[in-house]
Number of protein chains: 2
Amino acid sequence: MMLFIIGLGLWNEKDISMKGYETVLKADEVYVEFYTSKLCGSNLKKLKKFFKKEIVKLDRKDLEDYCDLILEKAKDKDIAILVPGDPVIATTHIALMIEAQKIGVEVKIIHASSIISAVCALTGLHSYKFGKSATISYPYKNMVSRTPIATIKDNRNINAHTLLYLDLHPKPMTINEGIKILEQVDDGFLNNCYAVGVARAGSDFPTVKCDKIKKLKKFEFGPPLHALVVLSPKLHFLEYEFLRTFASAPRSLKKFVE
Amino acid sequence: MMLFIIGLGLWNEKDISMKGYETVLKADEVYVEFYTSKLCGSNLKKLKKFFKKEIVKLDRKDLEDYCDLILEKAKDKDIAILVPGDPVIATTHIALMIEAQKIGVEVKIIHASSIISAVCALTGLHSYKFGKSATISYPYKNMVSRTPIATIKDNRNINAHTLLYLDLHPKPMTINEGIKILEQVDDGFLNNCYAVGVARAGSDFPTVKCDKIKKLKKFEFGPPLHALVVLSPKLHFLEYEFLRTFASAPRSLKKFVE
């Protein structure tokens, strides 16, 4: 028998693939986790209704400390774990796959849409120009991580964009909060940076706004999830034109077109 | 009315999302393009059978030189264009969206799985550590592009992985061919690089193999599509463990774990 890790995609229950949908219907037991990401256009109740099946929600402990309980079941049954987005972007899933292999449980991944590629359609930014990504975390014991700023600097040095995820726990961080946190460890570097904020990717009502990052701090993006892209120092003309057309970018961005 | 650009996902007709499937069924006219990527587990005939609808194949000219013909139709009808992978990774789609907006046609993107995120589940490499990507093209008038090697160097300088796409035209390039082309413009830099080759992502029979890039040149990956990831100089322990477990990486890779 087998463990299926099935991506739910970006927004709601209909973002699952046909392959994923059929696999859920056939599975002996179905679980879902909203720990590594969120499915903001849906919830456990809607998922149960959509699949007409019992679905059990797993929390961080189930996934990380007690994953052997699930894995043992997958020795005799087909077990499906639903995860928002595309699976195995999170370290949690990588560890789960390695553990499964150790005890002889076969794992199959069923892919779905992810912010990693969807951000290109939303911002018009060229996929091949995205550099490393990072997460803006809530301060821990009043300490703010310098990793996101370091990543932006690394990327801008090679003319790459930076996709920044925003912390999900205890609640999804807004772009506005994220920028304020970045500013706490900024040495003035951000003053010259433009960025695009993306809210509700995959929904019928996304908000996409490009401006100087300092100005985005006051822009109202509406409900979650939010993500932020800090632009490369130089832009392709089509990137500029797309941002003007679909993200109300200011004309001042034009001077960065190469 | 509206233009829908709908992702078909990674492998075959069942990789489309439920949302995409329903939209195809409701659309007045349905097109598909296999120019910007390929759907190796399917073809036009299978798609028609799956959706029980007429589907017209578009070539490069239809998309780039005569896109206004399609866009005009979308003024009065719901038009769906199916594309392999997740839409708008290709510049072709970005230009199409900008043209649509100019003549007042609303565009809606329906996302699907993409190699950009799927490569993480296949290789276990951390998503946030991927740098810029590049395409290995067939030589043009005996000239080989230096862009892929330059991108690998840029990325390795910031300890990032490099996803390399392989040229699709006139036929999908193999990993073996791709490495041979890279070697033509290599100054010895590749001798120290490890890489992971990925074939048939999203299918039930992917091949994933990690080794020194020079050794992968002789490895048989089987049918397309192929993609290649050149590793960052330093690896996380879980990356190493995953590559050992699922990509038969050599033990010698361990010395790069930080």
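**View 1. H5 of chain A and H10 of chain B are oblique to each other, given the angle of about 40° between them.** This is a predicted model, and the helices in this close-up are H5 (residues 91-102) of chain A and H10 (residues 237-246) of chain B. Their axes sit 10 Å apart. An oblique pair is one that falls outside the roughly parallel range (under 35 degrees), the roughly perpendicular range (65 to 115) and the roughly antiparallel range (over 145), so H5(A) and H10(B) get that label. As for handedness, H5(A) and H10(B) make a left-handed crossing.

**View 2. Here are the side chains behind the contact of H5(A) with H10(B).** On the H5(A) side, look for A:Thr91, A:Ile94, A:Met97, A:Ile98, A:Gln101 and A:Lys102. H10(B) brings B:Leu238, B:Glu241, B:Phe242, B:Thr245 and B:Phe246. What is the mix of nonpolar, polar and charged residues in the contact of H5(A) with H10(B)? Six are nonpolar, three are polar and two are charged.

**View 3. Now for H10 of chain A packing with H5 of chain B.** Helix H10 (residues 237-246) of chain A meets helix H5 (residues 91-102) of chain B at an angle of about 40°, and the axes are 10 Å apart. H10(A) and H5(B) are therefore oblique to each other, and their crossing is left-handed. From H10(A) come A:Leu238, A:Glu241, A:Phe242, A:Thr245 and A:Phe246; from H5(B) come B:Thr91, B:Ile94, B:Met97, B:Ile98, B:Gln101 and B:Lys102. Sorted by class, the contact of H10(A) with H5(B) comes out as six nonpolar, three polar and two charged residues.

**View 4. B:Thr91 gets its own close-up, in helix H5 of chain B.** Setting aside neighbours within four places in sequence, B:Thr91 touches A:His126 and A:Leu238. Is B:Thr91 buried or exposed? Neither, as it turns out: its relative accessibility is 36%, so B:Thr91 counts as partly exposed, the class between the 20% and 50% limits. For a sense of scale, the C-alpha atoms of B:Thr91 and B:Ser42 are separated by 24 Å, with their positions 49 residues apart along the chain.

**View 5. A cis peptide bond links A:Pro224 to A:Leu225, and another links B:Pro224 to B:Leu225.** Omega is about -5° for the bond in chain A and about -5° for the bond in chain B. A:Leu225 belongs to the loop between helix H9 (213-216) and strand S10 (226-230) of chain A. In chain B, the loop between helix H9 (213-216) and strand S10 (226-230) holds B:Leu225.

**View 6. Two residues other than glycine, A:Asn159 and B:Lys52, have positive phi values.** Phi is near 55° for A:Asn159, which is found in the loop between helix H7 (147-157) and strand S7 (162-166) of chain A. For B:Lys52, phi is near 50°. Where is B:Lys52? Look in the loop between helix H2 (44-51) and strand S3 (56-58) of chain B. Because its relative accessibility is 74%, B:Lys52 counts as exposed.

**View 7. A last panel gives the confidence scores of the predicted model.** The model has an ipTM of 0.96 and a pTM of 0.97. In chain A, pLDDT averages 96, and 100% of the residues score at least 70.

Technical notes: Residues are numbered from 1 along each chain as its sequence is written. Chains are lettered from A and ligands numbered from 1 in the order in which they are written. This is a predicted model: local features need pLDDT of at least 70, side-chain atom pairs count only at pLDDT 80 or more; totals for chains, interfaces and linings use all residues. Side-chain values use heavy atoms; hydrogens and water are left out. Axes are lines fitted to C-alpha atoms, for helices over the stretch in contact, and angles run from 0 to 180 degrees between N-to-C directions. Helices (H or I, at least four residues) and strands (E, at least two) are DSSP runs, numbered from the N terminus. A crossing is left-handed if the near helix is turned anticlockwise from the far one by less than a right angle, and right-handed if clockwise. Contact means heavy atoms within 4.5 Å. Ala, Val, Leu, Ile, Met, Phe, Trp, Tyr, Cys and Pro count as nonpolar, Asp, Glu, Lys and Arg as charged, and the others, Gly among them, as polar. pLDDT is the predictor's confidence in each residue, from 0 to 100. Buried means under 20% relative accessible area, exposed over 50%, partly exposed in between (1.4 Å probe, protein chains only).
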